[in-house]
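Me: I should like to learn how to read the main features of a protein model. Could we proceed from the overall fold to a single residue?

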Amino acid sequence: MRVHFIGIGGIGVSALAQYYLAKGHKVSGSDLARSEITDALKKKGIKISIGKPVEVNPRQTDLVIYSPAVKIENLKLKIPALSYPEALGELTKEYFTIAVSGTHGKSTTTALVSLILIKAGLNPTVILGTKLREFKNSNFRMGGAPAYLVIEADEH
């Protein structure tokens with residue numbers, strides 16, 4: 001599948017893009033500004049357009065995932081599109097999911113839960129709202145069997 005991420009430089013969207021890449025999908029993205037996150041994604045092989053208006057070619061894209069900050073109704077897409085929260089919700093259907101929510105400490109708690117599961121040998125997939133040293137300074141970790149997913153559930 002070919003997935004294009006609009007707002008790929010966002011912390012959550014970038015982690016989800018890495019998930020799709022790790023699953024073997026062709027991933028591309030766009031964002032208004034270059035950042036440390038977009039640079040890291042490019043190094044992983046993701047083609048990213050910076051600062052240009054979003055142009056999604058329906059012949060080259062099967063799915064669009066977009067940041068909640070993007071006004072998707074302006075894009076007039078002719079292919080399936082999911083917001084980041086919707087896409088994350090779909091992903092949770094495939095895993096035993098632990099979602100951390102709240103007003104303060106979500107990233108810290110998500111990281112701690114993830115590290116506990118790793119130490120316990122449960123090998124979770126993790127989508128995190130910050131970069132973690134134990135994940136090689138990334139906000140994403142691809143796990144394996146058994147199928148556990150730990151996510152930071154934000155206000156969206």
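Reply: The following turns take the chain as a whole, then a sheet with its helices, and then one residue. Please keep in mind that this is a predicted model.

Me: How many helices and strands are there in the chain, and what pattern does the chain follow along the sequence?

Reply: One begins by listing the elements in order. The chain has 4 helices and 9 strands, and their succession along the sequence is β-α-β-α-β-β-β-α-β-α-β-β-β.

Me: What radius of gyration does the chain have, and what would a compact globule have?

Reply: The approach is to set the value against that of a globule with the same number of residues. For 156 residues a compact globule would be near 15 Å, and the chain has 15 Å, so the two agree. The C-alpha trace spans about 45 × 30 × 30 Å along its principal axes. Of the residues, 40% count as buried. The accessible surface amounts to about 8,700 Å², with 53% of it belonging to carbon and sulfur atoms.

Me: What share of the contacts with a separation of 6 or more joins residues 24 or more positions apart?

Reply: Here one reads contacts by their separation in sequence. In this chain, residues 24 or more positions apart account for 51% of such contacts.

Me: In what order do the strands of the open sheet stand, and which of them are at the edges?

Reply: One reads a sheet by following its strands from neighbour to neighbour. This open sheet has 4 strands in the order S6-S9-S7-S8, with mixed pairing. Strands S6 (96-100) and S8 (138-141) each have a single partner strand, which means that one side of each lacks a neighbour in the sheet. On average, neighbouring strands are turned by 20 degrees against each other, direction ignored.

Me: In which sense do S7 and S8 pair, and which helices pack on the sheet?

Reply: S7 (residues 125-132) pairs with S8 in the antiparallel sense over 3 bridges; Val 126 stands opposite Arg 141 in S8. Helix H3 (residues 84-92) packs on the sheet and touches S6, S7 and S9 (148-152), its direction making about 160 degrees with that of S9. Helix H4 (residues 106-119) also packs on the sheet, touching S6, S7, S8 and S9, and its direction makes about 130 degrees with that of S7.

Me: Is Thr 61 buried or exposed?

Reply: One compares the relative accessible area with the cut-off for burial, which is under 20%. Thr 61 has 8% and is therefore buried. Thr 61 lies in the loop between strand S3 (47-50) and strand S4 (63-66). Leaving aside residues up to four places away in sequence, Thr 61 touches Arg 2, His 4, Val 56 and Ile 79.

How values were computed
Residues numbered from 1 in each chain as written. Predicted model: local features only at pLDDT ≥ 70, side-chain atom pairs only at ≥ 80, totals over all residues. Heavy atoms only, no water. Pairing = 2+ DSSP bridges. Helix = DSSP H or I, 4+ residues; strand = E, 2+ residues; numbered from the N terminus. Axes fitted to C-alpha atoms, helices over the stretch in contact; angles between N-to-C directions. Contact = heavy atoms within 4.5 Å. Buried < 20%, exposed > 50% of the residue type's maximum accessible area, 1.4 Å probe, protein only. Rg over C-alpha atoms; globule rule 2.2 N^0.38 Å. Areas by Shrake-Rupley, 256 points an atom, 1.4 Å probe, with all protein chains shown as cover.
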